[in-house]
Amino acid sequence: MRTLNLESDPLAVEVSFTADTFRVALDDGRELSIPLAWFPRLLHATSEQREQWELIGRGEGLHWEALDEDISVAGLLAGRGDQTRGRKDVA
């Protein structure tokens with residue numbers, strides 16, 4: 001059985017950081033708090049690099065150009081961290 005979903009997915013509107021987490025404010029009023037350890041590129045970045053984020057699309061995701069990091073709101077809501085962790089680079 002299929003159902004029609006008229007609600008839109010939440011969009012990111014703001015990002016902030018603490019020493020060990022980052023927070024993503026959503027347009028529906030929720031705020032996500034994510035451990036930086038889930039995203040090693042952000043964990044090891046400088047404060048200046050972390051602050052250079054951009055919205056992907058209308059807020060479906062977040063992008064850090066200097067860190068080559070893209071994070072989707074849907075992935076955060078699903079509890080997914082860095083999907084490249086544990087993978088070996090193929091030369």
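Let's start with the sheet: in this predicted model, three strands make an open sheet, ordered β1-β2-β3, with antiparallel pairing. Which strands stand at the edges? They are β1, residues 12-17, and β3, residues 31-35; each has a single partner strand, so one side of each is left without a neighbour in the sheet. Going from one strand to the next, the twist averages 20 degrees.

Now look at the pairing of β2, residues 21-26, with β3: the two run antiparallel and are joined by 5 bridges. If you want a spot to find on your screen, go to Phe 22, which stands opposite Ile 34 in β3.

Next, a residue I'd like you to click on: Glu 69, in strand β6, which covers residues 69-72. Is Glu 69 buried or exposed? Its relative accessibility is 3%, and buried means under 20%, so Glu 69 counts as buried. What does its side chain meet there? There is a polar contact of 3.3 Å between the side chains of Glu 69 and Arg 41. Beyond its neighbours within four places in sequence, Glu 69 is in contact with Phe 39, Arg 41, Leu 42, Leu 62, His 63 and Trp 64.

That same strand brings us to the largest pocket, where β6 gives the most to the lining, with 4 residues. The space in this pocket is about 160 Å³. Its lining is made up of 13 residues, and those nearest the centre are Phe 39, Asp 70, Ile 71, Gly 81 and Gln 83. As for elements giving two or more residues to that lining, they are β6 and α3, residues 73-77. Phe 39, then, turns up twice: as a contact of Glu 69 and by the centre of the pocket.

Notes. Residues numbered from 1 in each chain as written. Predicted model: local features only at pLDDT ≥ 70, side-chain atom pairs only at ≥ 80, totals over all residues. Heavy atoms only, no water. Pairing = 2+ DSSP bridges. Axes fitted to C-alpha atoms, helices over the stretch in contact; angles between N-to-C directions. Buried < 20%, exposed > 50% of the residue type's maximum accessible area, 1.4 Å probe, protein only. Polar contact = N/O pair within 3.5 Å; in protein donor to acceptor, adjacent residues only side chain to side chain. Contact = heavy atoms within 4.5 Å. 1 Å grid on protein atoms, 1.4 Å probe; cavity = no way out; pocket = protein on both sides within 12 Å on 5 of 7 lines; lining within 4 Å. Points joined across faces, edges and corners; volume = space filled by probe spheres on them.
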